[in-house]
Each structure stands twice: as structure tokens, then as C-alpha cells.
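Here is a protein chain with a bound ligand, and a reader at the bench may want to know on what grounds each label is given. The questions below take up such labels one by one.

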Amino acid sequence: MMTRSATLTLLSVAAATLPGALAWGAMGHETVAYIASNFVAADTKAYFQDLLDDTSADYLASVAAWADSYRYTTAGKFSAPYHYIDANDSPPSSCGVDLDRDCADGACIVNALANYTSILLDGGASDANRQIAAKMVIHFVGDIGQPLHCEALEVGGNDIDVTYDGDDTNLHHIWDSEIPESVSGGSSLSSAKSWATTLTTAIKTGEYKSQMTGWATGLSVATPATRQATALQWATESNARVCDTVLVDGVSAVEGEDLSGDYTDAAQPVVRLQIAKQGYRLAKWLDAIVAAASST
Ligand SMILES: *[C@@H]1O[C@H](CO)[C@@H](O)[C@H](O)[C@H]1NC(C)=O
Ligand SMILES: [Zn+2]
């Protein structure tokens, strides 16, 4: 088990030396995981605490960003394309995900989420492989909610240079990290935990209460096809935000601009919603896996 600071060092070295990005920064993934921890059924919690060999309250959050360090290792390089789907649409005028077009070689987040869910449900898989599969699933349910992980244009915004509070960065990166951190107030595990508490309350009794049930509509782990269909539905929903929020006025409106002001103000509600929704969905997805596993 790597320490958090070792992981962060590895991540920042990787981020500085390799193209591509990490998807929601660690904090976003941890927030999704903490929200899920707040909604899972008791037997789901027991199941994953056992599988992940961690009886603490952080059993999901502490592995939520693992896949982003794994992808930069030699052994894990194959998994890099599993963090996104390259929707070859035309934002902002036309958004959409087409599995045949956008996941032609089968290596994309939609198939990866279905695949690692299948491994979790495979009674014949080893504990070690099911543990890896759990970490992948926990991570990818987060990534699939990041609009620029469901977009091909300019390498999911990685090639759109912007500044944020005067610092050079890119559009993808600010959606991963700066904008979420502008809402939560920081990048630490404790920021994630407290943001998750706020969003959990919003789901249970606040602004998201009326939407909660709808977020799980269509969610099914019953067959490989329903796993893929659910993931595609989530990716399509995130991708739509590229047209209505991320690039609403086109690339030229953001390229070279400082986006820490009005742009961030407009993006924050979408980031909050995506994180809250994917946290709740992760809980329901893990519940469905445990229900299916125990009925076979
Ligand atoms: C599915 O999981 C297997 C086992 O880890 C892996 O080798 C394969 O690359 C995965 N494929 C996808 C699309 O996730
Ligand atoms: Zn990722």
C-alpha cells in the first residue's frame, strides 16, 4: 500500500511528464466514493470492506484514485484508454456518443466499466482480480461523469490551453481539479469527505432529493449488455454537458482565456451535480453487484 504522499508524488511526476490527464483529480474521485459510502446498503459495505481488506470508513475513498496511478505504470499502461471515451461529435452544435464510432476497438470507459463489473460478478475470478476490478469500477463510475472524459475534441480538452488564476493549464485539467476544488475548498482527503457530507445532505433532503430516484433509472448489472447500456447512458449524459456548459460558446471562447471567474461560476453547478449523481449511482451499482452476487 502506497502512502498518500507517495501516490501524489507519483501522480504529479506522471502528470508533468506524460500527456493526457488524470480525470477528476483524486479529490473528485474520493468525493464520489464517500458519497457512495453514505448510500450503500449494510451488506454492500461489509462485502467491499472484506474484498478491499479495509474496515475503515474510507474503504471506498482510499482506493478511488488508484486507477490513475496504475495507468502510468508499465503493468497498467493497457488501462489508460479505459478512463474515457472519445466521442467524435461536434460541440457545441452537436453532442452524442456512438459506441461503434467512438469505442471501435473496444477500449473505452463504457466497455471497461461493464468489463470490470463482470469480473466482480464472476465467481471464478480470483480475489486479487476481483479486488482490482472493484478499484476500477469505483474509479470509472467517477470518470464517466466528467464531461471531458466523454469527448474527443482537442484530446478531451487537454489541447485547449487556458489559464486559471493566472496559471497556465488546460481545459481538461480545470474540469478535473481546479473547478471541483473551487467548490470543495481543497484537494485533500478531508476536503473530499466534507464535500461528500454536504452533497449527501443535498441528495437526501435538499436540492437533489427530487432527482435522486431518476439518477438510477435504467441502472442494471443483470447482463453484460445491460452493464454496457447503463454505462453508455451515463457517458451520453456527461457528453451532453460538453455542448451545454463546457464548450457552450465554442473553443474560441475559452482558448487562451482565464477561466477562474464567470466560466467557473457557470461550471460549478454542473460539477456539483455530476459528482453527487455519480456518487449516488456508485452506491446503487455496488448494491446491485452485491445483490446479484448473493443470488447466484
Ligand atoms: C477487461 O478486464 C481484463 C482483465 O483485467 C483486461 O485484461 C482487459 O483489458 C479488460 N478490457 C476492458 C475493455 O476493460
Ligand atoms: Zn481516471
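**Labels and their grounds**

Ala-202 belongs to helix H10, which covers residues 189–204. The model is a predicted one.

Q: Why is Ala-202 called buried or exposed, whichever applies?
A: The relative accessible area of Ala-202 is 8%, and buried means under 20%, so Ala-202 counts as buried. The C-alpha atom of Ala-202 is 10.0 Å from that of Leu-273, although the two residues are 71 apart along the chain.

Q: How do you know that Cys-95 and Cys-243 form a disulfide?
A: Their sulfur atoms are 2.1 Å apart, and the cut-off for a disulfide is a pair of cysteine sulfur atoms within 2.5 Å, so the pair qualifies. With 100 degrees about the S-S bond, this link is right-handed.

Q: What does the link of Cys-95 and Cys-243 tie together?
A: Cys-95 sits in the loop between helix H4 (66–70) and helix H5 (99–102), while Cys-243 sits in helix H12 (residues 224–246), so the disulfide ties together parts that are 148 residues apart in sequence.

Q: What makes Cys-95 partly exposed and Cys-243 buried?
A: Cys-95 has a relative accessibility of 28%, which falls between the limits of 20% and 50% and therefore gives partly exposed. Cys-243 has 14%, which is under 20%, and therefore counts as buried.

Q: Why is the disulfide of Cys-103 and Cys-108 called left-handed or right-handed, whichever applies?
A: The bond itself is assigned from an S to S distance of 2.2 Å, which is within the 2.5 Å cut-off. The torsion about the S-S bond is about -95 degrees, so this disulfide is left-handed. Both Cys-103 and Cys-108 are buried.

Q: What pattern do the disulfides follow, with bonded cysteines counted along the chain?
A: The pattern is 1-4, 2-3, and the structure holds two disulfides.

Q: How do you know that Cys-150 is in no disulfide?
A: The nearest cysteine sulfur to that of Cys-150 belongs to Cys-108 and is 9.3 Å away, whereas a disulfide needs the sulfur atoms within 2.5 Å, so Cys-150 is left unpaired. Cys-150 has a relative accessible area of 0%, which is why it counts as buried.

Q: What makes the strands S1 and S2 a pair?
A: Strand S1 (residues 161–164) and strand S2 (residues 167–170) share four bridges in the antiparallel sense, and pairing asks for at least two, so the two strands pair. Tyr-164 stands opposite Asp-167 in S2. The hairpin has two residues between the strands, and Asp-165 takes a positive phi near 50 degrees there.

Q: Why is Asp-53 called exposed and Val-155 partly exposed?
A: Asp-53, in the loop between helix H3 (42–51) and H4, has a relative accessibility of 70%, which is over 50% and therefore makes it exposed. Val-155, in helix H8 (residues 153–156), has 47%, which lies between 20% and 50% and therefore makes it partly exposed. Neither residue is a glycine, yet Asp-53 has a positive phi of about 55 degrees and Val-155 has one of about 50 degrees.

Q: What is the omega of the peptide bond from Pro-91 to Pro-92, and which form does the bond take?
A: The omega is near 5 degrees and the bond is cis; Pro-92 is placed in the loop between H4 and H5.

Q: What makes the contacts of ligand 1 with Tyr-82 and Asn-115 polar contacts?
A: An oxygen atom of ligand 1 is 2.6 Å from an N or O atom in the side chain of Tyr-82, and one is 2.3 Å from an N or O atom in the side chain of Asn-115. The cut-off is 3.5 Å between N or O atoms, so the contact with Tyr-82 qualifies, and so does the contact with Asn-115.

Q: Which residues are around ligand 1, and how do they divide?
A: Phe-78, Tyr-82, Gly-106, Ala-112, Asn-115, Tyr-116 and Ile-119 are around ligand 1. The shell divides into five nonpolar, two polar and no charged residues.

Definitions and conventions: Residues numbered from 1 in each chain as written. Chains lettered and ligands numbered in written order. Predicted model: local features only at pLDDT ≥ 70, side-chain atom pairs only at ≥ 80, totals over all residues. Heavy atoms only, no water. Near = heavy atom within 4 Å. Polar contact = N/O pair within 3.5 Å; in protein donor to acceptor, adjacent residues only side chain to side chain. Nonpolar A, V, L, I, M, F, W, Y, C, P; charged D, E, K, R; others polar. Buried < 20%, exposed > 50% of the residue type's maximum accessible area, 1.4 Å probe, protein only.
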